[in-house]
Amino acid sequence: MPPNRDHLSENSPLLRPHQHSADSDDESDPHIYRTPRQPNLKNRTIIWSTLTLIFIFALVFVLCFQHLLSDAALPWVGTLPRDPMLAAFAILKVAPVIDGHIDLPILIRTKYANNVTAVPLQSRTPGHVDIPRLRQGRVGGFFWSVYVTCPENQKEDKDDFTEASWRVRDTLEQIDVARSLISKYPDTFQLAVSSDAVVSSITNGKIASLLGVEGGHQLGNSIAVLRQYHALGVRYVTLTHTCHNAFADSSGNPVPLHNGLSPFGRRLIDEMNRLGVLVDLSHTSDETAIQALNHSKAPVIWSHSSARAIHDVPRNVPDDILRLVGKGEGQKDGVVMVNFAPGFIAKPGNASVQAVADHVEHIARTAGRDHVGLGSDFDGIPGAPEGLEDVSKYPALVAELVRRGWNKYEVAGLTGSNVLRVLRGAEHVAKELQDAGTEPIYDLYKARRDIPRGSGI
Ligand SMILES: [Zn+2]
């Protein structure tokens, strides 16, 4: 008799193959094992029935009596804690914030004369941003805005933007500041130049650091300069700041110059699409935004803009433009990343975490919850809303949205996955264009007189 035969059962499907194997003698002498098997079968039935009952009881308990479980136990059964702030931290643990616009480099220029060695980011800074508060706020990544001012008025830059300026130099200095600070704290920051790099930085416990140039006026009217910014890691360019430029009209000047994009601005977008640099429509005029949405082959962003229907200022996005954002017919994928600047959020004295949540919800209602993100503008705004005073406070906003019924997937979209999807979309378009052999654009700005054209060698 082979050993251990008494545990075999023809009722167990796991053992059926053995019953038909060539060396099996079950069928040749089935009676040998029947008598001792029956009480064993009975025991097993009792054990399995008990286990099944315990399982059903536990399931019913978890489903029906969750309110009896403590907040600490709920995540273990896949449920968010009931306390909205604890729920916010639970979501942010797996879906940290990727902010579309943080102005730390311009603060380093104005407060530290760009001397990165003098910047103590590991202790509390006078601004909205430092490493302890970024960690407290569950920040997984952000676009370091690289910004230099517009000309004081249009006259300074002539009418055709050909007045020589130091803005390309100054932009390079701010890129240097951002990259130097990222290198100075390698345990905290990691330069990220792609959506995959953002994900791997976050997975490694680092804060993914992306770069964005805040205004076409910083390009020196040159598409070649765009290419070099891209080579340095820049992944969005805001088409305008508060001034019109050679490429596009701004919301900061109510008198239009190009009535939206100039022909050269369309060429700029073509090259941004080819490179995978996101088109950022914050600060642009409504006409610029509509034309850019139509012209761009790639998804677009508003790196730091809120909803005009909630607070009526030109810097916010109106509903007719929000309705052009989406994945349907006649729409373009994009993400509107809500700005926290009190002046863009509410009447004086009324900017609060609830008011910011109102903007988030309005954009979500109008464009969809897949099309809203966070673009605080910290360190670029004079004050901050009550309850959202600095980068440590994002969990308060998430808690407010949880309180309003947002589920964890919707919150994760808001905090980061929507902007990641859009960045991935732009990378996809760039790859397609490059794979199709699309040439770089070497068009010169028409008002330039410094390079003779068309003569050849
Ligand atoms: Zn701005």
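Modeller: pLDDT is the predictor's confidence in each residue, from 0 to 100. This is a predicted model, in which local features need pLDDT of at least 70, side-chain atom pairs count only at pLDDT 80 or more, and totals for chains, interfaces and linings use all residues. Residues are numbered from 1 along each chain as its sequence is written. The mean pLDDT of the protein is 89, and 85% of its residues reach 70 or more. Over residues 1–36, however, the pLDDT is below 50.

Colleague: Why should coordinates not be read in detail where pLDDT is low?

Modeller: That is the general rule for predicted coordinates at low pLDDT.

Colleague: How do you know that the span of helix 6 agrees with its 18 residues?

Modeller: Helices are DSSP runs of H or I with at least four residues, and strands are runs of E with at least two, numbered from the N terminus. The expected span is 1.5 Å times one less than the number of residues. For helix 6 (residues 167–184) that gives 26 Å, and the end C-alpha atoms are 25 Å apart, so the two agree.

Colleague: Why is Phe161 called buried?

Modeller: A residue is buried if 20 or more other C-beta atoms, placed from the backbone, lie within 10 Å of its own, exposed if 12 or fewer, and partly exposed in between. Phe161 has 22 within 10 Å, so Phe161 is buried. Phe161 is in the loop between strand 2 and helix 6.

Colleague: What makes Asn221 count as buried?

Modeller: Asn221 has 21 C-beta neighbours inside 10 Å, and therefore counts as buried. Asn221 also has a positive phi of about 55 degrees, although it is not a glycine.

Conventions:
Contact = placed C-beta atoms within 7 Å.
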